[in-house]
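Reader: I would like to go through the backbone and the packing of this model. Please keep the answers short.

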Amino acid sequence: MIATFKPCTLRGVIEAPPSKSMAHRFLIGAALSGQKCKLTGVDFCEDVLASIDCLRALGADILIDGDTVSVDPKGFMKAEDAVLNCRESGSTLRFLIPLALCLGKKVTLCGSERLMERPLDLYEQLCRDKGFDLQKSKNSVTLCGRLESGSYRLRGDISSQFVTGLLFALVYLGQDSSVEILPPLESRSYIDLTLSALNAFGADVMFSDAYKIEIKASKLHAFSGMIEGDYSNAAFLDAFNQIGSKVNIGNLKSDSLQGDRVYADYFTRISSGTPTLDISDCPDLAPVLFALAAMKNGATFTGTHRLKAKESDRGIAMHEELQKLGGGLIFGDNTVTVPKQVLRYSGEVLDGHNDHRIVMALSVILSQTGGAINGAEAVKKSYPGFFEDIQTLGAEVKLL
């Protein structure tokens with residue numbers, strides 16, 4: 001799909017879409033609870049649908065009615081020879097591998113070739129250490145093992161999804177356990193989201209100090225509630241405000257634990273100067289921050305090493321597309337510098353790199369310069385209604 005923009009200004013009121021991160025966590029928490037749960041305000045992006053499909057493959061009974069998901073976990077973790085289609089969802093894959101290792105049976109998790117290129121180092125090392133079987137191909141990972149409760153140590157300088165996945169498994173196993181995280185700990189906020197979701201179902205899981213999480217044996221209970229709004233996707237809507245639009249965004253909790261809440265502060269700093277910003281705890285904001293910095297006075301970003309392991313290599317992807325507009329990025333050791341630049345659309349269609357956040361970041365730029373993006377359908381991964389929402393706000397964009 002090609003999205004073609006004319007220069008435009010957005011006006012109006014919009015609700016932030018529900019949080020994809022929280023939906024993943026509450027769906028898995030509902031399956032772990034052992035009791036019927038009902039979650040409302042769910043946005044059925046591709047990643048959330050992947051988690052739903054995988055939980056069904058593990059035996060959970062899940063019904064969808066409008067924006068409501070009902071989870072009956074009576075058959076959860078009773079499946080034989082389960083095949084879990086993770087599509088392109090890194091969260092789904094990393095969250096569910098440890099649970100699959102609790103079954104003591106063969107489980108295959110499949111997905112796109114790009115998904116299987118994303119690092120699974122910690123789980124591969126865990127399987128080697130425990131003597132579990134793990135076979136990886138370009139489209140799947142097949143494993144068999146029986147994970148046990150106990151004490152685990154994980155590196156903290158890579159994706160927090162590994163920590164979250166292990167926490168889900170240890171809660172399921174139901175005995176006292178602990179996870180020690182070796183510093184530096186990146187993306188602590190995402191681990192806090194996991195703890196808050198598990199606590200909502202009655203799990204006794206918490207940080208006992210800055211780098212250690214204690215999991216206590218506890219009886220889980222049902223939880224029903226609404227998924228909060230997503231700061232990650234709200235950032236792309238709010239970015240239009242930094243370049244002349246006036247969009248009021250609702251459905252965002254002021255006391256949310258989402259780490260991407262920091263975007264508002266980072267936007268202010270980009271708009272008022274040439275800051276140096278650490279994005280090690282908010283890598284999903286990188287594309288929109290790069291876009292705004294390019295349209296403003298430039299900025300330097302540290303903590304960028306994890307951008308290579310996303311849906312695309314986000315640093316390279318933004319560099320290639322900004323070059324088509326007369327700009328570009330400068331790469332250093334775990335840094336990216338965005339110089340001050342004048343962006344103009346030359347007529348060359350931009351490429352979305354099959355990455356939802358690249359497409360949305362480029363959309364912000366093209367709302368000023370005009371132009372077209374190929375592969376715009378990538379927004380379905382996290383925000384399927386993105387183009388319809390900005391059209392209601394006055395965006396002059398046509399989809400073909």
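Reader: Is Met77 buried or exposed?
Author: This is a predicted model. Met77 sits in the loop that runs between strand S5 (68-72) and strand S6 (83-85). Buried means under 20% relative accessible area. With a relative accessible area of 6%, Met77 is therefore buried.

Reader: What is the phi of Met77?
Author: Most residues other than glycine have a negative phi. Met77 is a residue other than glycine, yet its phi is positive, near 70°.

Reader: Which relative accessible area does Asn251 have, and which class does that give?
Author: Asn251 also has a positive phi, about 65°, although it is not a glycine. Its loop connects strand S15 (246-250) and helix H9 (263-272). The class between buried and exposed runs from 20% to 50%. Asn251 has a relative accessible area of 29%, so it is partly exposed.

Reader: Where is there a cis peptide bond?
Author: Most peptide bonds are trans. An omega of about 5° marks a cis bond here, and Pro184, one of its two residues, is joined by it to Pro183. Pro184 belongs to the loop between strand S11 (177-182) and helix H7 (188-200). The cis bond is the one between Pro183 and Pro184.

Reader: Which residues touch the most other members of the largest nonpolar core?
Author: The largest nonpolar core has 78 residues. Leu167 is in contact with residues including Val179, Ile191, Leu195, Leu198 and Ile213, leaving aside neighbours within four places in sequence. Apart from this core lies another, of 63 residues, with Leu285 and Ile373 among them. In the largest core, the residues that touch the most other members are Leu109, Leu167 and Ile213.

Reader: Which strands are the edge strands of the open sheet with the order S10-S11-S13-S12?
Author: The sheet has 4 strands, and their pairing is mixed. An edge strand pairs on one side only. The edge strands are strand S10 (151-155) and strand S12 (204-209).

Reader: How many bridges join S12 to S13?
Author: S12 and strand S13 (residues 212-216) run antiparallel. Met206 stands opposite Glu214 in S13. The number of bridges that join S12 to S13 is 5.

Reader: What angle does the direction of H7 make with that of S12?
Author: Neighbouring strands of this sheet are turned by 20° against each other on average, direction ignored. H7 packs on the sheet and touches S11, S12 and S13. The direction of H7 makes an angle with that of S12 of about 145°.

Note on methods. Residues numbered from 1 in each chain as written. Predicted model: local features only at pLDDT ≥ 70, side-chain atom pairs only at ≥ 80, totals over all residues. Heavy atoms only, no water. Helix = DSSP H or I, 4+ residues; strand = E, 2+ residues; numbered from the N terminus. Buried < 20%, exposed > 50% of the residue type's maximum accessible area, 1.4 Å probe, protein only. Core = buried A, V, L, I, M, F, W, Y, C linked by side-chain atoms within 4.5 Å. Contact = heavy atoms within 4.5 Å. Pairing = 2+ DSSP bridges. Axes fitted to C-alpha atoms, helices over the stretch in contact; angles between N-to-C directions.
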